[in-house]
Amino acid sequence: AGTLTIQDSGIGMTKAELINNLGTIARSGTKGFMEALQAGADISMIGQFGVGFYSAYLVADKVEVYTKSNDDECYLWESSAGGSFTIVRCNDEEISRGTRIVLHMKEDQTEYVDEKKVKEIIKKHSQFIGYPICMAVEKERDLEVSDDEDDEEDKKDEDKEEGDDDKPKIEEVDE
């Protein structure tokens, strides 16, 4: 279904901080939120409980958190919800310091990897954030090649094999 990656270059977390901050559902506020929902509260109250991180499981089957603090090595925290998680040391050269969260999206939540939807959410919820938010987008495009075009490609490849195109072409440009 795809992934959504969120990364910063902040202070990161040590292994102990990963366990304390992400290791228990009670620390995140999710437990209080779930209890309030069972008591009849509206789901729109989610922001009042500091749920944040664990709300990722509303859209993701699995969450990976890569993090590197100046005070510790790089670690990967991984969980598919259900109350269990793993933490392993990792060698991620892309993170010199900070955190990267990778959400493995649920099949029915793919709208949240759509560029337009992500931009809309970021704009709506980051009005008072004093730091720049940059978005790197990977796009894939399927191209259909007709049989005629495929034959032309094969012919060009054959010409190259004969050595005619081995010499560089020089083109004069008038200034």
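These questions and answers go through the sheet, the cores and the cysteines of a predicted model.

Reader: Which strands stand at the edges of the sheet?
Author: The open sheet has 5 strands in the order S1-S5-S2-S3-S4, with antiparallel pairing. An edge strand has a single partner strand, so one side is left without a neighbour in the sheet. The strands in that position are S1 (3-8) and S4 (86-89).

Reader: What is the bridge partner of Trp-77 in S4?
Author: S3 and S4 run antiparallel and are joined by 4 bridges. Strand S3 covers 74-79, and Trp-77 also touches Phe-85, Thr-86 and Ile-87, among others. Its bridge partner in S4 is Ile-87.

Reader: Which element gives the most to the largest nonpolar core?
Author: Nonpolar side chains tend to be buried together in soluble globular proteins. Here the largest nonpolar core has 16 residues, and Trp-77 and Leu-18 are among those with the most contacts inside it. Helix H1 (15-22) and strands S2 (60-68), S3 (74-79) and S5 (98-105) each supply at least two residues. With 3 residues, the element that gives the most is S2.

Reader: At about what angle to S3 does H1 run?
Author: H1 lies across S2, S3 and S4. Trp-77 touches Leu-18 and Leu-22, and helix H1 spans 15-22. The angle of H1 to S3 is about 25 degrees.

Reader: Is Cys-90 buried or exposed?
Author: A residue counts as buried under 20% relative accessible area. Cys-74, at 7%, is therefore buried. Cys-90 belongs to a second, separate core of 6 residues. At 18% relative accessibility, Cys-90 is buried.

How values were computed
Residues are numbered from 1 along each chain as its sequence is written. This is a predicted model: local features need pLDDT of at least 70, side-chain atom pairs count only at pLDDT 80 or more; totals for chains, interfaces and linings use all residues. Side-chain values use heavy atoms; hydrogens and water are left out. Buried means under 20% relative accessible area, exposed over 50%, partly exposed in between (1.4 Å probe, protein chains only). A nonpolar core is a set of buried Ala, Val, Leu, Ile, Met, Phe, Trp, Tyr and Cys residues joined through side-chain atoms within 4.5 Å. Contact means heavy atoms within 4.5 Å. Two strands pair if DSSP finds at least two bridges between them. Axes are lines fitted to C-alpha atoms, for helices over the stretch in contact, and angles run from 0 to 180 degrees between N-to-C directions. Lists of a residue's contacts leave out its neighbours within four places in sequence.
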